[in-house]
Amino acid sequence: TLREHRSLMEGFRVRSVAATALGADRAPIGGAVNLRGRDFKVEDRVLVGSTPADTRFLSDEHIRFVVPNVRSEVRHTVELRRGDELERIGTLFVEPASPLSVVPAAIELGAGQRQALVISIEQAAPSRGLPISVETDIPNSITMPEVRIPEGARTVSVTVEGTARGSGELFISAPGYPEISVPVTIR
């Protein structure tokens, strides 16, 4: 907020600074970072390197944002968007996201059999959840639903069903996470 005061003798401007402290100077993609200050509003948004971050209003003195999928191993400028104004907060060194974890590490099923596949991440999923991309090189041999780790959760369990003989892999990834592969055999 920019305010201007004038008198006959002199004029000056006072800029209202909302954010005062970035809760960390480094964080991984998908990590939550606190921001302390004053006069925060529900509509305030954080930008990391000009990329909008998932921002959650906690109080008029505290908001939290999730580091978006930006280039890692780089220091990015963090800004607070208040309406049409941008306020520079500081910088944040963005680390690569921790890899996804998948259990079991390999799947072996007969046609018509089912098995649970558990996918997990180290930090809680952001608001609206974390979409998980699952692709395969044997699409006629397995079926499984779309996958999303729910907001605030760290794991999701999905059922993989064998439909026809085949051998290949599942390729599992998420925004900001490196891809992992899981060998699959349907007998």
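## A walk from Asp-137 through the strands

Welcome: start by selecting Asp-137, which sits in the loop between β15 (130–136) and β16 (142–143). Keep in mind along the way that this is a predicted model.

**Stop 1: around Asp-137**

With Asp-137 selected, colour the model by accessibility. Asp-137 has a relative accessibility of 46%, so it falls in the partly exposed class, between 20% and 50%. Next, show what surrounds this residue. Beyond its neighbours within four places in sequence, Asp-137 touches Gly-168, Glu-169 and Phe-171. Add Leu-170 to the selection too: its C-alpha atom is 7.2 Å from that of Asp-137, although the two residues are 33 residues apart along the chain. Now draw a distance from the side chain of Asp-137. Which backbone atom of Glu-169 does this side chain reach? The backbone nitrogen, at 2.7 Å.

**Stop 2: β19 and β20**

Select residues 166–174, which form strand β19, and residues 177–186, which form β20. Eight bridges join these two strands, and they run antiparallel. To follow one of the bridges, pick Gly-168, a residue that was already on screen as a contact of Asp-137. Across from Gly-168, the bridge partner in β20 is Val-184.

**Stop 3: the whole sheet**

Now widen the view to the sheet around this pair. Reading across, the order of the five strands is β13-β20-β19-β15-β17; the sheet is open and its pairing is mixed. Which strands stand at the edges? They are β13 (107–109) and β17 (147–149); each has a single partner strand, so one side of each lacks a neighbour in the sheet. Look along the sheet and you can follow the turn from strand to strand: on average, neighbours are turned by 25° against each other, direction ignored.

**Stop 4: Arg-187**

Follow the chain past β20 and select Arg-187, which lies in the segment after that strand. Is Arg-187 buried or partly exposed? With a relative accessible area of 48%, Arg-187 is partly exposed. Show its contacts, again setting aside neighbours within four places in sequence: Glu-108, Leu-109, Gly-110, Ala-111, Gln-113 and Arg-165. Zoom in on Glu-108, whose side chain makes a polar contact with the side chain of Arg-187 at 3.5 Å. Glu-108 falls within β13 (107–109), one of the edge strands from the previous stop. For one more distance, pick Ser-141: its C-alpha atom is 9.4 Å from that of Arg-187, across 46 residues of chain.

**Stop 5: β6, β10 and β11**

Move on to another part of the chain and select residues 45–48, strand β6, together with residues 74–82, strand β10. The two run antiparallel and are joined by four bridges. Here Val-46 is opposite Leu-80 of β10. Then add β11 (residues 85–95), which pairs with β10 over nine bridges, also in the antiparallel sense. On this side, Glu-79 faces Arg-88 in β11. Finish at the turn: β10 and β11 make a hairpin with two residues between them, and Gly-83 there has a positive phi of about 65°.

**Last stop: the full model**

Zoom out and show everything. The protein has 20 strands and zero helices. Of its 187 residues, 40% are buried. Among contacts with a separation of 6 or more, 55% are between residues 24 or more positions apart. Turn on the surface to end the tour: about 10600 Å² is exposed, and carbon and sulfur atoms supply 47% of that area.

Note on methods:
Residues numbered from 1 in each chain as written. Predicted model: local features only at pLDDT ≥ 70, side-chain atom pairs only at ≥ 80, totals over all residues. Heavy atoms only, no water. Pairing = 2+ DSSP bridges. Axes fitted to C-alpha atoms, helices over the stretch in contact; angles between N-to-C directions. Buried < 20%, exposed > 50% of the residue type's maximum accessible area, 1.4 Å probe, protein only. Contact = heavy atoms within 4.5 Å. Polar contact = N/O pair within 3.5 Å; in protein donor to acceptor, adjacent residues only side chain to side chain. Areas by Shrake-Rupley, 256 points an atom, 1.4 Å probe, with all protein chains shown as cover.
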